[in-house]
Amino acid sequence: MNLNFEPKNINMKDFQQIIRMLIITVLFISAEPCFAQRRPLPPEGREHIEVIKTTYLTRQMKLTPEEARLFWPVYDQYQEVERSLEENRRKAMHNMAEGIEKMSDDEINTMIDARINHAENALSARKKMISELREFLPPRKIALFLRAEHQFNHELQKRMIERHKERPNRDWD
């Protein structure tokens, strides 16, 4: 597999090899504690995923250097908002898992409202990002981005699920 990072299209076979390497690397980096204690990926594992994702998105979108210079700050800001929202969602889910049966109807309604607010905030962040991208990217490149991001996330999730199936006695989110 060729691992140079010059902009070009990447085929699915290369993408799958990259994802395999990514999963193996993340598993080595995060090792047992990540799955056994239900912790999020360590920063170095997350950073490695981001490097691969950056390369993949850049290639799929065929970004020029100028477009990349403008794109990545907008996308990085969006990712920060997403991480914060996800962290809040995880905390709320943890609270729910600890005893929904013991919660009052008012507490449950508050929890439901929080989930709806989370979804609204995530949608608002995505809309804001797309709006900002429209200021400097042609619609075709935004569509390529949306497709590539979906493909990357889908493939990553699929690989993580496959890896989890190989290790069935491990507990993870």
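The following exercises, each with a worked solution, concern a predicted model of a single chain.

**Exercise 1. Overall architecture**

Determine how many helices and strands the chain has, and what pattern it follows along the sequence.

Solution.
Step 1. The secondary structure comprises 5 helices and 0 strands.
Step 2. Taken in sequence order, these elements give the pattern α-α-α-α-α.
Step 3. The chain has 173 residues, of which buried residues account for 31%.
Step 4. Contacts between residues at least 6 apart in sequence can then be examined by separation: 67% of them join residues at least 24 apart.

**Exercise 2. The largest nonpolar core**

Identify which residues of the largest nonpolar core touch the most other members, and which helices each supply at least two residues of this core.

Solution.
Step 1. The largest nonpolar core has 23 residues, and those touching the most other members are L57, M61, F71, Y75, M129, L133 and F145.
Step 2. At least two residues of this core come from each of helix 2 (43-61), helix 3 (65-97), helix 4 (105-133) and helix 5 (139-166).
Step 3. L57 serves as an example. With residues up to four places away in sequence set aside, L57 touches W72, Y75, F145, A148 and E149.
Step 4. Two of these partners, Y75 and F145, are themselves listed among the core residues that touch the most other members.

**Exercise 3. The packing of helix 4 and helix 5**

Establish how the axes of helix 4 and helix 5 cross, and which residues meet between the two helices.

Solution.
Step 1. The two axes, of helix 4 and helix 5, come within 11 Å and cross at roughly 140 degrees.
Step 2. An angle over 145 degrees would count as roughly antiparallel, and one of 65 to 115 degrees as roughly perpendicular. Helix 4 and helix 5 are therefore classed as oblique to each other.
Step 3. On the helix 4 side, the residues that meet helix 5 are R126, M129, I130 and L133. Their counterparts in helix 5 are I142, F145, L146 and E149.
Step 4. A salt bridge also joins the side chains of R126 and E149, at 2.5 Å from N to O. Because R126 belongs to helix 4 and E149 to helix 5, this pair ties together parts that are 23 residues apart in sequence.
Step 5. R126 is partly exposed, since its relative accessible area is 23%. E149, by contrast, counts as buried because its relative accessibility is 5%.

**Exercise 4. Salt bridges within and between helices**

State how many salt bridges the whole structure contains. Then describe where E67 and K141 lie, and where E86 and R90 lie.

Solution.
Step 1. Side chains of opposite charge can pair when their charged atoms come close.
Step 2. Searching the whole structure yields 11 salt bridges.
Step 3. One of them is formed by the side chains of E67 and K141, with an N to O distance of 2.6 Å. This pair links distant parts of the chain, as E67 is in helix 3 and K141 is in helix 5, 74 residues apart. Both E67 and K141 are buried.
Step 4. Another salt bridge, of 3.6 Å from N to O, is made by the side chains of E86 and R90. Both residues belong to helix 3 and are 4 residues apart, about one turn of the helix.
Step 5. E86 counts as partly exposed because its relative accessibility is 27%. R90 is likewise partly exposed, with a relative accessible area of 36%.

**Exercise 5. The surroundings of R159**

Decide whether R159 is buried or exposed, and name the network of salt bridges to which R159 belongs.

Solution.
Step 1. R159 is located in helix 5.
Step 2. The threshold for a buried residue is under 20% relative accessible area. R159 has 11% relative accessibility and so counts as buried.
Step 3. The side chains of R159 and E155 are joined by a polar contact of 2.8 Å.
Step 4. A network of salt bridges links R159 with E155, K158 and E162.

**Exercise 6. Two positions involving helix 2**

Describe where K62 lies, and which residues E50 contacts beyond its neighbours within four places in sequence.

Solution.
Step 1. K62 is found in the loop between helix 2 and helix 3. Although K62 is not a glycine, its phi is positive, at about 55 degrees.
Step 2. K62 has a relative accessible area of 48% and is therefore partly exposed.
Step 3. E50 is placed in helix 2. Its relative accessible area is 22%, so E50 is partly exposed.
Step 4. Apart from neighbours within four places in sequence, E50 is in contact with Q79 and R83.

Terms used. Residues numbered from 1 in each chain as written. Predicted model: local features only at pLDDT ≥ 70, side-chain atom pairs only at ≥ 80, totals over all residues. Heavy atoms only, no water. Core = buried A, V, L, I, M, F, W, Y, C linked by side-chain atoms within 4.5 Å. Buried < 20%, exposed > 50% of the residue type's maximum accessible area, 1.4 Å probe, protein only. Contact = heavy atoms within 4.5 Å. Polar contact = N/O pair within 3.5 Å; in protein donor to acceptor, adjacent residues only side chain to side chain. Salt bridge = Lys/Arg side-chain N within 4 Å of Asp/Glu carboxyl O. Axes fitted to C-alpha atoms, helices over the stretch in contact; angles between N-to-C directions. Parallel < 35°, antiparallel > 145°, perpendicular 65-115°, else oblique.
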